[in-house]
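User: Please take a close look at one part of this model, the sheet and whatever packs against it, and describe it in one connected account.

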Amino acid sequence: MLSGRELIQPIFVPDPHPASLDAEALLDQCTITRNRATGPGGQHRNKVETHVTVTHDATGVSGQAGERRSPEVNTRSAIRRLRVALAIACRAPVPIGEIGSPMWRSRVRGGRIALNERHRDLPAMLAEALDVVYAGGLDLKRASLRLQCTTSQLIKLIAKEPSAMAALNAARQARGDRPLQPR
């Protein structure tokens, strides 16, 4: 789990945000390491390098997975976890004026955000939302207006990833603001 320091002192990245890249483009910017996993799982787990760590070279942010016996499955899980960690730890610039990527606009209708927590777009949507929240001085009402969604929908989106909500609450508490409650 990430601490609030990632949002208090974010890593600034150029546009597009690395969390919004597809797996192939993201892997071009990463280093993958494999190790033996420890713990239960029998001989296969202890003899085969199935634990995967994917590290984004430019930021040092990483995602890892080792709970499955297959390195390919663990690599997919590690990439997903890396994308979520990048969404929380890194901030991309927010333009003045109209904002919202085509993906964002396709998912927001009538102030509601249509997105399942397991959907592959969650890290990119989370990154875009947090970029706007951070650019607006952690003011969620202002961010939701800019993103053309309701404040409660924005909080629900952030709460879909508990470590994102924890990081945002830590940043808010560091400023003296009260923590947000998932709705």
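Analyst: Thr53 stands opposite Gln64 in S4, and in that same strand the bridge partner of Thr55 is Ser62. The model is a predicted one. Strand S3, which covers residues 51-56, pairs with S4 in the antiparallel sense, and 4 bridges join them. The hairpin of S3 and S4 has 5 residues between the strands, and within it Gly60 takes a positive phi near 80 degrees.

Which side chains of S4 point to one face and are buried, and which point to the other and are not? Gly63 and Ala65 share one face and are buried, whereas Ser62 and Gln64 point to the opposite face and are not buried. In a regular strand, side chains alternate between the two faces of the sheet. Read together with the pairing, this places Gln64, the residue opposite Thr53, among the side chains of S4 that are not buried, and Ser62, the partner of Thr55, is likewise not buried.

The sheet itself is open and consists of 3 strands in the order S2-S3-S4, with antiparallel pairing. Strand S2 (30-35) and strand S4 (62-65) stand at the edges and have a single partner strand each, so one side of each is left without a neighbour in the sheet. From one strand to the next, the twist averages 15 degrees.

Helix H4, residues 71-89, packs on this sheet and touches S2, S3 and S4, and its direction makes about 150 degrees with that of S4. A residue that illustrates this packing is Thr75, which has its place in helix H4. Thr75 has a relative accessible area of 11%, and because buried means under 20%, Thr75 counts as buried. Not counting residues up to four places away in sequence, Thr75 touches Arg34 and Val52; of these two, Arg34 falls within S2, which spans 30-35, and Val52 falls within S3, which spans 51-56. Cys30, at the start of the range given for S2, is also buried, with a relative accessible area of 12%.

H4 also packs against helix H6 (residues 122-135), at an angle of about 5 degrees and with the two axes 8 Å apart. That angle makes H4 roughly parallel to H6. On the H4 side the contact is made by Arg80, Arg83, Val84, Ala87 and Ile88, and on the H6 side by Leu122, Pro123, Ala124, Leu126, Ala127 and Leu130.

Asp131 also lies in helix H6, and with a relative accessible area of 8% it is buried. The C-alpha atoms of Asp131 and Ile88 are separated by 9.2 Å, although the two residues are 43 residues apart along the chain. Leaving aside neighbours within four places in sequence, Asp131 is in contact with His17, Cys90, Arg91, Ala92 and Val94. Of these, Cys90 counts as buried, at 0% relative accessibility.

Both Cys30 and Cys90 are thus buried, and the structure holds 0 disulfides.

For the setting of this part, the protein chain has 9 helices and 7 strands, and 45% of its 183 residues count as buried. Among contacts in the chain with a separation of 6 or more, 59% come from residues 24 or more positions apart.

Note on methods
Residues are numbered from 1 along each chain as its sequence is written. This is a predicted model: local features need pLDDT of at least 70, side-chain atom pairs count only at pLDDT 80 or more; totals for chains, interfaces and linings use all residues. Side-chain values use heavy atoms; hydrogens and water are left out. Buried means under 20% relative accessible area, exposed over 50%, partly exposed in between (1.4 Å probe, protein chains only). Contact means heavy atoms within 4.5 Å. A disulfide is a pair of cysteine sulfur atoms within 2.5 Å. Two strands pair if DSSP finds at least two bridges between them. Axes are lines fitted to C-alpha atoms, for helices over the stretch in contact, and angles run from 0 to 180 degrees between N-to-C directions. Angles under 35 degrees count as roughly parallel, over 145 as roughly antiparallel, 65 to 115 as roughly perpendicular and the rest as oblique.
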